[in-house]
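Reader: I would like to go through this model with you, beginning with its open spaces and then turning to its strands. Could you take my questions one at a time?

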Amino acid sequence: MVQAPARAAAVPESTYGNRRHEETAAREQFANALDRTLARGGTVVVPSFAVDRTEVVLHQLAELRRAGRLPSSVPVHVDSPMALATLRIHQDAFAERAPELRPEVLARGEAAISPEPFRPVRSLAESMRLEESRLPSILVSASGMATGGRVVHHLHRLLPDPRNTVVVVGYAAAGTRARDLVDGARVLKMYGGYVPVRAEIVNVPAFSAHADAAEIVDWLRPAPAPSATYLVHGEPEGSQALRDRIDRELGWTAVVPRSGERVLVR
């Protein structure tokens, strides 16, 4: 008798297991936040992960430049050594016409991620000098959850001024400054003291690189049913919601493992 091969297990993430990304609405929300802030003479600071998220933000800013929504007189600063190193890889890919780039993106060249152009901020001294500027501007700086990096000293300066805006463009985990801002914190602790939050806070999670619930289920749907689906990388509510959806729509055995639990994944 021939034994049937054992079915493999699936281990998808569940970061946005209870959410749906509305990308068109998110792009308009982002653009509107810029419009409001620049009209009142403020600065938009975007805490952004150095890898992938910065490129997404710059791509969107480049689109707004082309559409006339972002005036050419408004500078865009990128203040993160790691983000600049990552951007260099993307720029090299355009120069080499890498086959991984989609044709419509390749046709634009570096302009696809360069809002005429962005201004790289490399040294710490350059980063500190941004504090001297009083002109409306856009500042993209790591880290995305505002737990460290140069963005912290920018937030320390910009949060008390109601003319400014902080745009959170990705997943913000519980216990991080970005999550506190999204949840409506009125003060943040930085450098041993407390800073009042008077700036406008805008949450645009659809810019995240993580898939939403529908995208995860659609990605799983064509696959053969696994022995079990273990949902990881998510908060309890999102993981449980996705577990229920996989059970309901796919009929698969889905599990949210307990912290520290061990299972045999074949």
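Author: The questions and answers below deal with a predicted model, and they take up its pockets, its sheet and some of its strands in turn.

Reader: Which residues lie nearest the centre of the largest pocket?

Author: The largest pocket holds about 720 Å³ of space, and its lining is made up of 24 residues. Those residues divide into nine nonpolar, six polar and nine charged. The ones that lie nearest the centre of this pocket are Asp52, Glu55, Val56, His59 and Arg102.

Reader: Which element gives the most to the lining of the largest pocket?

Author: At least two lining residues come from each of α1 (23-39), α2 (53-67), α3 (81-95) and α4 (103-106). With five residues, the element that gives the most to the lining of the largest pocket is α2.

Reader: Which elements give two or more residues to the lining of the second largest pocket?

Author: The second largest pocket, with about 230 Å³ of space, is lined by 15 residues, and nearest its centre lie Thr43, Ser133, Arg134, Arg157 and Leu158. The elements that supply two or more residues to this lining are β4 (137-141) and α6 (151-158).

Reader: How do the residues of the lining of the second largest pocket divide into nonpolar, polar and charged?

Author: The residues in question are the 15 that line the second largest pocket, Thr43 and Arg157 among them. Sorted by type, the residues of this lining divide into four nonpolar, seven polar and four charged.

Reader: Which are the edge strands of the open sheet?

Author: Six strands with parallel pairing form the open sheet, and their order is β3-β2-β4-β1-β5-β8. An edge strand here is one that pairs on one side only, and the strands to which this applies are β3 (119-120) and β8 (200-203).

Reader: What angle does the direction of α1 make with that of β8?

Author: Helix α1 packs on the sheet, where it touches β1 (43-47), β4, β5 (165-168) and β8. Taken against the direction of β8, the direction of α1 makes an angle of about 165°.

Reader: Is β1 largely enclosed by the rest of the structure or largely exposed, and why?

Author: Buried residues are found on both faces of β1, with Thr43, Val45 and Pro47 on one side and Val44 and Val46 on the other. Because five of the five residues of β1 are buried, this strand is largely enclosed.

Reader: How many bridges join β1 to β4, and how many join β1 to β5?

Author: Strand β1 runs parallel to β4, and Val44 has Ile138 in β4 as its bridge partner, while on β5 the residue opposite Val45 is Val166. The bridges that join β1 to β4 number five, and those that join β1 to β5 number two.

Reader: Which residue of β4 stands opposite Val78?

Author: Strand β2 (residues 76-79) pairs with β4 in the parallel sense over four bridges, and within this pairing Val76 stands opposite Ile138. Both faces of β4 are covered, with Ser137, Leu139 and Ser141 buried on one side and Ile138 and Val140 buried on the other. The residue of β4 that stands opposite Val78 is Val140.

Reader: What is the relative accessible area of Thr229?

Author: Thr229 lies in strand β9 (residues 229-230). Leaving aside neighbours within four places in sequence, Thr229 is in contact with Ala10, Pro12, Ile246, Trp252, Thr253, Ala254 and Val255. Thr229 counts as buried, and its relative accessible area is 0%.

Technical notes: Residues numbered from 1 in each chain as written. Predicted model: local features only at pLDDT ≥ 70, side-chain atom pairs only at ≥ 80, totals over all residues. Heavy atoms only, no water. 1 Å grid on protein atoms, 1.4 Å probe; cavity = no way out; pocket = protein on both sides within 12 Å on 5 of 7 lines; lining within 4 Å. Points joined across faces, edges and corners; volume = space filled by probe spheres on them. Nonpolar A, V, L, I, M, F, W, Y, C, P; charged D, E, K, R; others polar. Pairing = 2+ DSSP bridges. Contact = heavy atoms within 4.5 Å. Axes fitted to C-alpha atoms, helices over the stretch in contact; angles between N-to-C directions. Buried < 20%, exposed > 50% of the residue type's maximum accessible area, 1.4 Å probe, protein only.
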